[in-house]
Amino acid sequence: MNNPVKIAIEGVSKVYQGRIGPVVALDQVNLDIYAQEFITVVGPSGCGKTTLLNILAGLEEASSGRALIDGQVITGPSPTRGVIFQQYALFPWMTVRQNVEFGPMLQKLPAAERRKAAEHYLKLVGLKGFEDAYPKELSGGMKQRTAIARAYAANPEVLLMDEPFGAVDAQTRVMLQEELMATWSREKKTVFFITHDVEEAIYLGSRILVMSARPGRVREIIPNTIPYPRAYDVKFTAEFGQLKQHIWELVYEEYHKKQAAE
Ligand SMILES: Nc1ncnc2c1ncn2[C@@H]1O[C@H](COP(=O)(O)OP(=O)(O)OP(=O)(O)O)[C@@H](O)[C@H]1O
């Protein structure tokens, strides 16, 4: 890839002091993520995916090693890095529009521009007409769409997504995947996207990071050369099938290592 390195993960390890002793969540993870890449991350449960994302978000500190963004060590959260979790974190006392305008408001954008940004992204995620609803009046999928619109509207350079579509129904999930890919193609953000779903990882990712069972290490990084924009039926091609088989085998192997260790 010719783009500059946007995020550098250099020898990152993380040890938690659990009640039954130390837990090594990450062990010497090294990875360069280039500007405008779409990295998807898969690996067995507990292999440290969320821990790695939290370190990139600046929500947790590495025990050793370091993570850098644009050459600067990450020391805390920043509006240039938008985080989307599986459980939509919306402000319940704000309407959909107010939630989406929150980032632009922090950035002190004039009211008219904030409104324009909110309208644009709410339309994009299919929530036009629900601007004045409160989160409690929305379905799970709609809440997650609001969370996504909110993250986009803050216009971050990097999107850190932790199983963002894990809690929505299958049809909504497909729509959100397509919308995310379209937004990424248009706005060329750098995306770090965790998923349990191997198909989703291949459909979206320009590279797929497979992590080993705990302690989390880089097991393999698989380039995905299927050209963008990818239509949904790309999933039925031979190239997709081969990637799927390879990644499944890796994940399956790691899953069994995890079972054997427990
Ligand atoms: N705050 C904490 N204190 C102690 N141990 C923790 C803490 N957070 C995570 N861990 C442990 O670190 C390991 C990695 O957790 P993490 O949530 O990063 O994994 P994950 O790959 O995201 O898992 P999943 O796919 O199930 O979401 C797990 O063994 C977990 O129990």
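1. Let's start with the crossing of helices α2 and α3, which is right-handed. This is a predicted model, so please read everything here in that light. Two packed helices are described by the angle between their axes and the distance between the axes. Here, α2 (residues 96–106) and α3 (residues 111–124) pack at about 125°, and their axes are 9 Å apart. Roughly antiparallel would need an angle over 145 degrees, and roughly perpendicular covers 65 to 115; α2 and α3 are therefore oblique to each other.

2. Which residues in α2 and α3 meet? On the α2 side they are V96, R97, V100, E101, P104 and M105; from α3 come E113, R114, A117, A118, Y121 and L122. By class, the residues of this contact between α2 and α3 divide into eight nonpolar and four charged, with no polar ones.

3. Now to the sheet. Six strands make up an open sheet in the order β6-β7-β8-β3-β9-β10, and the pairing is mixed. The edge positions belong to β6 (81–84) and β10. Each of these two has a single partner strand, so one side of each is left without a neighbour in the sheet. From one strand to the next, the twist averages 15°.

4. A word on β3 (residues 38–42), which sits between β8 and β9 in the strand order. Strands of a sheet pair through backbone hydrogen bonds, either parallel or antiparallel. With β8 (residues 190–194), β3 pairs in the parallel sense over four bridges, and V41 has I194 as its bridge partner in β8. With β9, β3 also runs parallel, again joined by four bridges; there, T40 stands opposite I208.

5. What about the other neighbour of β9? In the strand order, β9 is followed by β10. β9 and β10 (residues 218–223) pair in the antiparallel sense, with five bridges between them. L209 of β9 stands opposite I221 in β10. The two strands form a hairpin, with six residues between them. So β9 has a parallel pairing with β3 and an antiparallel one with β10, in keeping with the mixed pairing of the sheet.

6. Last, why is β9 largely enclosed by the rest of the structure? Counting a residue as buried if 20 or more other C-beta atoms lie within 10 Å of its own, four of the five residues of β9 (residues 207–211) are buried, so the strand is largely enclosed.

Methods: Residues are numbered from 1 along each chain as its sequence is written. This is a predicted model: local features need pLDDT of at least 70, side-chain atom pairs count only at pLDDT 80 or more; totals for chains, interfaces and linings use all residues. A residue is buried if 20 or more other C-beta atoms lie within 10 Å of its own, exposed if 12 or fewer, and partly exposed in between; C-beta atoms are placed from the backbone. Two strands pair if DSSP finds at least two bridges between them. Axes are lines fitted to C-alpha atoms, for helices over the stretch in contact, and angles run from 0 to 180 degrees between N-to-C directions. Angles under 35 degrees count as roughly parallel, over 145 as roughly antiparallel, 65 to 115 as roughly perpendicular and the rest as oblique. A crossing is left-handed if the near helix is turned anticlockwise from the far one by less than a right angle, and right-handed if clockwise. Two residues are in contact if their C-beta atoms, placed from the backbone, lie within 7 Å. Ala, Val, Leu, Ile, Met, Phe, Trp, Tyr, Cys and Pro count as nonpolar, Asp, Glu, Lys and Arg as charged, and the others, Gly among them, as polar.
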